[in-house]
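Here are a few notes to read alongside the model. Take them in any order you like.

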Amino acid sequence: MVESKILISACLLGQPVRYDGAAKPALHPALSRWQAEGRLVAVCPELSGGFGVPRPPAEIAHGQSGQTVLEGKARVIEAGGGDVSALYIAGAEAALALAREHGCRFAILTDGSPSCGSVFIYDGTFQGRRHEGMGVTAALLRAHGVVVFAETGIDALEAQLS
Ligand code: SF4
């Protein structure tokens, strides 16, 4: 049986693609093993959506979440106030297309991001305030049946796959 591939946030693999030019490497033995097995498919939805590095920080406004952005009822805004919702949605669609192309049934995405967050995100005030919710990419993937874990859920994914 061919093992399912896993979509993963590129910054978790050490790629310096975050808004500030940093990475967020996740050090977990399962990740090293899956990478050696060729099972990880890296994506940075924000780069796929058309952003560069560095880029202004962005949050989903008014304490809303990725689902409402996809429904057109909420916006992703940059710290300067610009509406970048369309680029976030484009990035989410690119991530979903990649997941489908590779047959990924699971994803490991960086928590807290307005794209990749799956447990918590920030509330749009740029004051470091978290709330439960999903980023735009996590919401779109889940809506299409991809099981999304945060980097804190790698143990849970490993258990599910074993
Ligand atoms: Fe990492 Fe996702 Fe942000 Fe790209 S969009 S830098 S993969 S958290």
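1. A residue counts as near the ligand if one of its heavy atoms lies within 4 Å of it. Of the 14 residues around the ligand, those that come nearest are Cys11, Arg18, Cys44, Glu46 and Cys116. This is a predicted model, where local features need pLDDT of at least 70, side-chain atom pairs count only at pLDDT 80 or more, and totals for chains, interfaces and linings use all residues. Residues are numbered from 1 along each chain as its sequence is written, and side-chain values use heavy atoms, with hydrogens and water left out.

2. What is the shell around the ligand made of? Seven of its residues are nonpolar, four polar and three charged. (Ala, Val, Leu, Ile, Met, Phe, Trp, Tyr, Cys and Pro count as nonpolar, Asp, Glu, Lys and Arg as charged, and the others, Gly among them, as polar.)

3. Now have a look at helix H4, residues 85-102 (helices are DSSP runs, H or I, of at least four residues, numbered from the N terminus). Its buried residues (under 20% relative accessible area, 1.4 Å probe, protein chains only) are Ser85, Tyr88, Gly91, Ala92, Ala95, Leu96 and Ala99. Seen down the axis of H4, these fall within an arc of 140 degrees, so they line one face of the helix. (The arc is that of the directions from the helix axis to the C-beta atoms.)

4. Ala86, Arg100 and Glu101, on the other side of H4, are exposed, meaning over 50% relative accessible area. After H4 comes glycine 103, with a positive phi near 65 degrees.

5. Finally, glutamate 37: its C-alpha atom is 18 Å from that of leucine 98, and the two residues are 61 apart along the chain.

Notes: Helix = DSSP H or I, 4+ residues; strand = E, 2+ residues; numbered from the N terminus.
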